[in-house]
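Good morning, and thank you for the opportunity to present. I would ask everyone to keep the sequence and the model in view while we go through a few selected places.

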Amino acid sequence: MISKTQPARVRFAPSPTGRTHLGSGRTALYNYLLARQTGGQFILRIEDTDRKRYVDGAEEELMEGLRWLGLSWDEGPDVGGPRGPYRQTERKEMYQKYARELIESDHAYYCFCTQRDDTLSAPEQHQQHRELCPTRDLPIAEADARIAAGETHVIRFKMPRGGSITVTDAIRGNIIVENSTLDDYVLVKSDGLPVYHLAVVIDDHLMEITHAIRTSEWLPTFPLHGHIYNAFGWEQPIWIHPSIFLKPDGKGKMSKRDTEALLAEGKSIFLGDFEKMGYLPEAVVNWAALIGWSFDDKTEFFILEDLIEKFSVEKLNPSPAAINFSKLDHFNGLHIRALSIDDLAERLRPFFERAGYTVDNAKKLHQVAEVLQIRLANLAEAPEKGGFFFKDEIHPEPESLIGKKLSANESLEMARHIQTLIQSLPDFSEDTANQPLRHLATKLGYKAGHVFSFLRNALTAQQVSPPVFETMTIIGREKVLERISNAIATLEEIARTSP
RNA sequence: GCCCCCAUCGUCUAGGGGACCAGGACGUAGCCCUUUCAAGGCUAAGACCGGAGUUCGAAUCUCCGUGGGGGCACCA
């Protein structure tokens, strides 16, 4: 049982090698939740030791993504902190010092082998480095001399030949691995920078990390990390390995090709894309939290504050989970509906503006938000569903103004009656306008649907729209009458040519 | 090939020996509500991978299969 009262020091440690995935977002989220729940610290550490894969701007996008989700960190490269620096390339000297310690305690050795030895036969290529390396047991003094002479080298962990190691994951229990299946992993590269395995151990130790959350991709090298801890004689954090996300069909993890295919169908798993696709950070958080974690057998709607209170490592699910975009849409709808109208209005504003509409009337925006709220699966569809509210002129399809099974002349006649009635109405509320319009339909021998359908098309130029009365109220008397007379003009035109 | 992890409806999951002829959610279908679309309400179909054990009793424990996933870099 992981204590909720002992402050947890946790870290999210991504490498700036590309765009930030939803999976990273979830890992960051779980870390954040544990820190906030226990009153501990959430640390952001940039693992940038791979200079070849470094992508400019990735760090910025990553931070933006975390901020968008609402995950704030207490220590990190931008805000600093007592255990910095928080960028691994800035910690180079520390790693070298500790690596030397490992050499001197005979847990590691200098290796001068070339990166890929083509003189090796095929079977030898598959042999463990441990069995091949000529300098594995070279005296340190001799190795130092070769290094001083400028010979390129790496530092490798000296994996025991026999025995086994037990490492413990909080959601999977003990994992026992034979050392014979492990090899002499490189710890420090020839460029002098550590590889992940060394850096993570040293950093987590020095930063006093109490819980290390990372995905199950790290399980295969988990035993190595255990060995490194043992070599240093350090106490390990509580390890937590949630499973990775699988692509929507459940067949394997997301590849570059998959993410591109997703983009092509208007979906994305990049944190940086959700906002402009109309998703609320609240929905993404809710959705991601529930992939691989659950609270109970019925509660699914959570905001960040709920999750801080309710998250528990014990309820993490060890099996891999396929992501489900329709569930994201569902959560987005729930969170849109949970927003206050004012909040929704302000979040909608940029979407209307980006679509080219001028939104200078706050009251109108508020009304539009109110009427759109239950009709939106995401914010991005607002202009398409409610753009007509902001247009000066609309152009309904002429055919759409003709009632079902009615002639143009009949429709025209009905439209004129509607116009007269609307003009005489004190206002457009459902209470005052509904019955008169229905009576009108009955009196003329049409269906109520004919009347409403005409109004809908005349006022919105859409077959599908918010309810007519609310729409009329928002559009306003002047515009309503203008659009009706425009529609009548169109009908007159049609009636002239094909009555 | 070798190593590791995992295994309940199509998907996400509840379940930690009897409360389960297995509950919830998404999606799907139908119905209700209704001026369209939604939202909401109701209903339906839909799963314990297989085989041995352990036990009075197993979705739950053990083992073996099988299946799925991950990893085998001087990447993280």
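**Cysteines, backbone and one helix residue**

Let us begin with the cysteines: the number of disulfides here comes to zero. Please note that we are looking at a predicted model.

Consider Cys 111, which takes part in no disulfide. How far away is the nearest cysteine sulfur? That sulfur belongs to Cys 113, and the distance is 3.6 Å. To recall the chemistry, a disulfide is a covalent bond between the sulfur atoms of two cysteines. The cut-off for counting such a pair is 2.5 Å. The sulfur of Cys 113 has its closest cysteine sulfur, that of Cys 111, at 3.6 Å, and therefore the two are too far apart for a bond.

Are these cysteines buried or exposed? Cys 111 counts as buried because its relative accessibility is 0%. Cys 113 has a relative accessible area of 32%, so this residue is partly exposed.

I turn now to the backbone. As general background, most residues other than glycine have a negative phi, and most peptide bonds are trans. Against that background, three places deserve attention.

The first topic is a peptide bond. Gly 84 and Pro 85 are joined by a cis peptide bond, with omega about -5°. Pro 85 lies in the loop that runs between helix H2 (58-69) and helix H3 (92-104).

The next topic is phi. Asp 106, a residue other than glycine, has a positive phi near 65°. Where is Asp 106 placed? Asp 106 sits in the loop between H3 and strand S3 (108-111). With a relative accessible area of 47%, Asp 106 is partly exposed.

Lys 405 also has a positive phi, near 65°, and is not a glycine. Lys 405 belongs to the loop between helix H16 (382-386) and H17. Its relative accessible area is 85%, so Lys 405 is exposed.

From that loop we move on to helix H17, which spans residues 408-424 and includes Ile 422. Is Ile 422 buried or exposed? Ile 422 is buried, because its relative accessible area is 0%.

Which residues does Ile 422 touch, leaving aside neighbours within four places in sequence? Ile 422 is in contact with Phe 428, Met 472, Arg 477, Val 480, Leu 481 and Ile 484. One further distance may help you to locate Ile 422: its C-alpha atom is separated by 8.0 Å from that of Ala 433, 11 residues apart along the chain.

Thank you for your attention.

Technical notes:
Residues are numbered from 1 along each chain as its sequence is written. Chains are lettered from A and ligands numbered from 1 in the order in which they are written. This is a predicted model: local features need pLDDT of at least 70, side-chain atom pairs count only at pLDDT 80 or more; totals for chains, interfaces and linings use all residues. Side-chain values use heavy atoms; hydrogens and water are left out. Buried means under 20% relative accessible area, exposed over 50%, partly exposed in between (1.4 Å probe, protein chains only). Helices (H or I, at least four residues) and strands (E, at least two) are DSSP runs, numbered from the N terminus. Contact means heavy atoms within 4.5 Å.
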